[in-house]
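Colleague: Please take one part of this model and go through it closely, for someone who has not seen it before. Start from a single residue and work outwards.

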Amino acid sequence: IAVGLFVVTRGALTLIVSGVFDRPVAHFPIYLGSALAVEAVGLLMATSVTRAPIKFAVAAGAAIGTVGLAWEWAWSHVWMVFPWPEALWPEGAIAGFVAAISGACIGVWIGNSLMMRPRIAGAARFAPVLGAVAIMALVGYGLNEQRPAGGITAQVTTETVETGKPGRWITATAKLDSRYFDDGTKWAQALAWQGPGFENVDLVRVAPGTYEMAEPIPADGKWKTVMRFHAANTIMALPIYEPRDDAIPAAETPALPSFTRKLQPDREVLQRESKIEGGTLPLVGYLLMLTIALTLLALLAWGIWRVGLPDEPGAGTTAGPGASPGRSRQAGRASKGSGGAPEPRAA
């Protein structure tokens, strides 16, 4: 049901944005493989779903981290703009497997806490905590970025080619003053967007430190055109063409027949309108948003933990076994408020 609602909602939104408003098609994951994997595990471990929730969570997470991950890899090659490259193996598979089990433990804990008779107790209650810690560690690992010492400069030559498409289309060759990206390169691509439209072509290494576009790419008007290089935990970008933008403000970066430019961190090029660098106001704004997000997560976790606590021994209430302490106390106050003492619980 969850997958169905997701696909219908995102599919309708994509049709409206791309069909009615003539904007780029939004490509999205499908999650169907993960959903089927969880249902299969649920059928095979029917009794564990309620009697041993954490055992079920680990099994379901393992299914998501293998079958579900493989499904999304195949889906990326059918539908996504950036198919998952082979360079993700084995690092991406390991991270995805750990994240799947961690997320499943958190999800099962949430569902179990909302049951009238929670089954997670003892050491098993630490499983969702460990899952949350693992996910935070994976996020931190993914955000770890390294920049080449001294920077890298590229000598670029461009050539205008006739493609029959509107606007100026070019091929470009970049000769880097470093061989940093020659060994262990995960991918090297040229990207153009905001045309409106989207173009993505591979960069082919034709000589040590020298890369050229496999196909032409647009480089005028509203297009933003860059070369991108990814090796190890370094992602750098080389602006080829960027239009003038008075709202940022930013000057035009022209695609001249020949020019020399330094590679920059990928995020700074793709998001040149970002104000996170420099000044205290952007820093305060981002820290405020981080505080709000972490506070919301902490309150949600605390509320779910309170609901899932076992009943206090001897607490008088008419609620059924497994009700939370909050429910017991509320029932006791209601009974006293009506003039009578709380009734003892039946054995």
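Modeller: Leaving aside residues up to four places away in sequence, S113 touches P118, I304, V307 and G308, where contact means heavy atoms within 4.5 Å. This is a predicted model, in which local features need pLDDT of at least 70 and side-chain atom pairs count only at pLDDT 80 or more, while totals for chains, interfaces and linings use all residues. Residues are numbered from 1 along each chain as its sequence is written, and side-chain values use heavy atoms, without hydrogens or water.

S113 is part of helix α5; helices (H or I, at least four residues) and strands (E, at least two) are DSSP runs numbered from the N terminus. Its relative accessibility is 3%, so S113 counts as buried (under 20% relative accessible area; exposed is over 50%, partly exposed in between, with a 1.4 Å probe and protein chains only). S113 also has W305 at 7.0 Å, C-alpha to C-alpha, although 192 residues separate the two in sequence. For the protein chain overall, among contacts between residues at least 6 apart in sequence, 59% join residues at least 24 apart.

Next, the helix that holds S113. Helix α5 covers residues 91-113 and packs against helix α6 (residues 127-143) at an angle of about 145°, with the axes 8 Å apart. Axes are lines fitted to C-alpha atoms, for helices over the stretch in contact, and angles run from 0 to 180 degrees between N-to-C directions. The crossing of α5 past α6 is left-handed, meaning that the near helix is turned anticlockwise from the far one by less than a right angle; clockwise would be right-handed. On the α5 side the residues that meet α6 are E91, A95, V98, A99, S102, G103, C105, I106 and W109, and their partners in α6 are A127, P128, G131, A132, A134, I135, L138 and Y141. By class, the contact of α5 with α6 holds 13 nonpolar, 3 polar and 1 charged residues. Nonpolar here covers Ala, Val, Leu, Ile, Met, Phe, Trp, Tyr, Cys and Pro, charged covers Asp, Glu, Lys and Arg, and polar covers the others, Gly among them.

Helix α5 has another helix partner, α4. The angle between α4 and α5 is about 145°, and their axes lie 8 Å apart. In this pair, α4 passes α5 in a right-handed crossing. From α4, P53, I54, F56, A57, V58, G61, A62, I64, G65, T66 and L69 take part, meeting G92, A93, G96, F97, A100, I101, A104, C105, V108 and N112 in α5. The contact of α4 with α5 divides into 15 nonpolar and 6 polar residues, with no charged residue. C105 is listed in the contact with α6 and again in the contact with α4.

The start of α5 is worth a look too. P90 sits in the loop between α4 (53-78) and α5. The peptide bond that joins W89 and P90 is cis, with omega at about 0°. Another cis peptide bond, with omega about -5°, joins I248 and P249. P249 belongs to the loop between β8 (234-241) and β9 (258-262).

For context, the N-terminal part of the chain can be described in a similar way. Among the residues of α1, V3, G11, T14 and S18 are buried. They share one side of α1 because they cover an arc of only 65° around the axis, the arc being that of the directions from the helix axis to the C-beta atoms. The face of α1 turned away from this buried side carries the exposed residues A2, L5, V8, T9 and V20. The cover over the buried residues of α1 includes α2 (32-44).

The loop between α1 and α2 contains D22 and also Y31. D22 comes just after α1 and has a positive phi of about 55°, although D22 is not a glycine. With 59% relative accessibility, D22 counts as exposed. Y31, likewise a residue other than glycine, has a positive phi near 65°. Its relative accessible area is 40%, and Y31 is therefore partly exposed.

All of this belongs to a protein chain with 9 helices and 10 strands. Of the 347 residues in the protein chain, 31% are buried, and S113 in α5, where this account began, counts as buried.
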